[in-house]
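This report goes through the strand pairing, packing, charged pairs and cysteines of one protein chain. The sequence and structure come first, and the description follows.

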Amino acid sequence: MVDVILKNDELTVGISYHGAELRSVKDNKTGYEYMWQADPEFWGRTSPVLFPVVGQYKDKESIYDGVTYTLGQHGFARDMEFVRIAEPDENHDSAALFMLTDSVDTLKVYPFRFRLFIKYVLSGRSIKVMWKVENINDKKMYFSIGAHPAFNCDSDRDSLIFDTNKDLKVNVLSDKGVLSSKVKTVEVRDSQIKMSAELFSEDALIIEDEQIHEVTVAREDGTRLVKVSFTAPLCGIWSPVGKNAPFVCIEPWYGRADREDFSKKLEEREYGNALEPDEAFEAEYDIEFPTLKSEKK
């Protein structure tokens, strides 16, 4: 369901209050839809926001101040209703700001009060996605945040283009959804990897240590479909295992799943983020949609 529409001469963008999720980006001239449309046969989401955890806690548990909290994969923000916040002088056709706050239910699974803001700004053929997390506790707050946008493509034939020509060191998930000890090397040729079912045979590619900051999806003929640019230290790239699904997710992350041998202590999570009382965390990433000459709707 789309609740908010942003539109300019190039693109029409649809966003839902549920999860403040980007649901649709259409080319106004060709009608081409760039975003995966949440067909549950493959994956029933389009672009969930991951908060307050990216990936999965070991055994779905975290420990803070001696108390164990249980929280599922990617956290709760993606399944909650945000509210739209009006900003002074905001152009409602090109920008939208959404807010989520803690509740009695979130405090049962995550021991911090917070305000989470998500803003979308449409400019030309690009969307800037902006995050702000505010700590409204009287203690230090720990969290992760990440993106999970899915883009229509042929995930068994199209290519990924990176801003590096170096081979990528990729973490591998265990069958419990946390990081195993295995690290594999994915060969990059001419800054590209051709997508295939084999590439995603061990689930997501988890790329850390700031190896990449830009990923482009391109067709066999060289046509570029989408480019995601970010400063985040990690990026996940995913298409469902064994399904040859017609989409790929490009996911800038500030945080990731625990390791198999992790202590579960929230304040010790690798790539976790911390805020002192009254502090705020801000980050953003950009999605660019190059002009397509012709497309079917």
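Strand S21 pairs with strand S22 (residues 247–254) through five bridges, and the two run antiparallel. The model is a predicted one. Within this pairing, isoleucine 237 of S21 stands opposite isoleucine 250 in S22. S21 also pairs with strand S18 (residues 205–207), again antiparallel, here through three bridges. In that pairing, isoleucine 237 is the bridge partner of leucine 205.

How many of the five residues of strand S21 are buried? The count is five of five, so the strand, which spans residues 234–238, is largely enclosed by the rest of the structure. Both of its faces are covered. Leu234, Gly236 and Trp238 are buried on one side, and Cys235 and Ile237 are buried on the other.

**Nonpolar cores and aromatic residues**

Ile237 also appears in the largest nonpolar core, which has 76 residues. Together with Phe51, Leu116, Tyr120 and Trp131, Ile237 is among the residues that touch the most other members of this core. Strand S9 gives the most to the core, with five residues. Another core lies apart from it and holds 17 residues, including Trp36, Trp238, Trp253 and Ala257.

What does tryptophan 131 touch, leaving out residues up to four places away in sequence? Its contacts include Val49, Phe117, Ile118, Ile145, Gly146 and Ala147. Pro252, Tyr254, Phe281, Glu282, Ala283 and Tyr285 are also touched by tryptophan 131.

Trp131 is also part of one aromatic cluster, together with Phe51, Tyr64, Phe76, Tyr110, Phe112, Phe114, Tyr142, Phe143, Tyr254, Phe281 and Tyr285. The structure holds 24 aromatic pairs. One of them joins tyrosine 110 and phenylalanine 112, whose rings are 5.2 Å apart from centre to centre. The planes of these two rings are 65 degrees apart, and the pair is edge-to-face. Both partners are buried: tyrosine 110 has a relative accessible area of 1%, and phenylalanine 112 has a relative accessibility of 0%.

**Charged pairs**

Side chains of opposite charge can pair when their charged atoms come close. The structure has 26 salt bridges. Three of them are set out below.

| Salt bridge | N to O distance |
|---|---|
| Arginine 125 and aspartate 27 | 2.7 Å |
| Lysine 128 and glutamate 284 | 3.1 Å |
| Arginine 189 and glutamate 187 | 3.1 Å |

Where do arginine 125 and aspartate 27 lie? Arginine 125 is in the loop between strand S9 (114–123) and strand S10 (126–135), and aspartate 27 is in strand S3 (residues 22–27), so their salt bridge ties together parts that are 98 residues apart in sequence. Arginine 125 is buried, at a relative accessible area of 13%. Aspartate 27 is buried too, at 3%. These two residues are linked with Glu10 and Lys29 in a network of salt bridges.

The salt bridge between lysine 128 and glutamate 284 also links distant parts of the chain. Lysine 128 is in strand S10 and glutamate 284 in strand S24 (residues 280–288), 156 residues apart. Each partner is partly exposed, with a relative accessibility of 26% for lysine 128 and 35% for glutamate 284.

In the salt bridge between arginine 189 and glutamate 187, arginine 189 is exposed, with a relative accessible area of 59%. Glutamate 187 is partly exposed, at 46%.

**Cysteines**

How many disulfides does the structure have? The count is zero. A disulfide needs two cysteine sulfur atoms within 2.5 Å. The cysteine sulfur closest to that of cysteine 153 is in cysteine 249, 9.2 Å away, which is too far for a bond. Seen from cysteine 249, the closest cysteine sulfur is in turn that of cysteine 153. Cysteine 153 is buried, with a relative accessible area of 11%, and cysteine 249 is buried at 0%.

Definitions and conventions: Residues are numbered from 1 along each chain as its sequence is written. This is a predicted model: local features need pLDDT of at least 70, side-chain atom pairs count only at pLDDT 80 or more; totals for chains, interfaces and linings use all residues. Side-chain values use heavy atoms; hydrogens and water are left out. Buried means under 20% relative accessible area, exposed over 50%, partly exposed in between (1.4 Å probe, protein chains only). Rings of Phe, Tyr and Trp (its six-membered ring) pair if their centres lie within 6.5 Å; planes under 30 degrees apart count as stacked, over 60 as edge-to-face and the rest as tilted. A salt bridge is a side-chain nitrogen of Lys or Arg within 4 Å of a carboxyl oxygen of Asp or Glu. Helices (H or I, at least four residues) and strands (E, at least two) are DSSP runs, numbered from the N terminus. Two strands pair if DSSP finds at least two bridges between them. A nonpolar core is a set of buried Ala, Val, Leu, Ile, Met, Phe, Trp, Tyr and Cys residues joined through side-chain atoms within 4.5 Å. Contact means heavy atoms within 4.5 Å.
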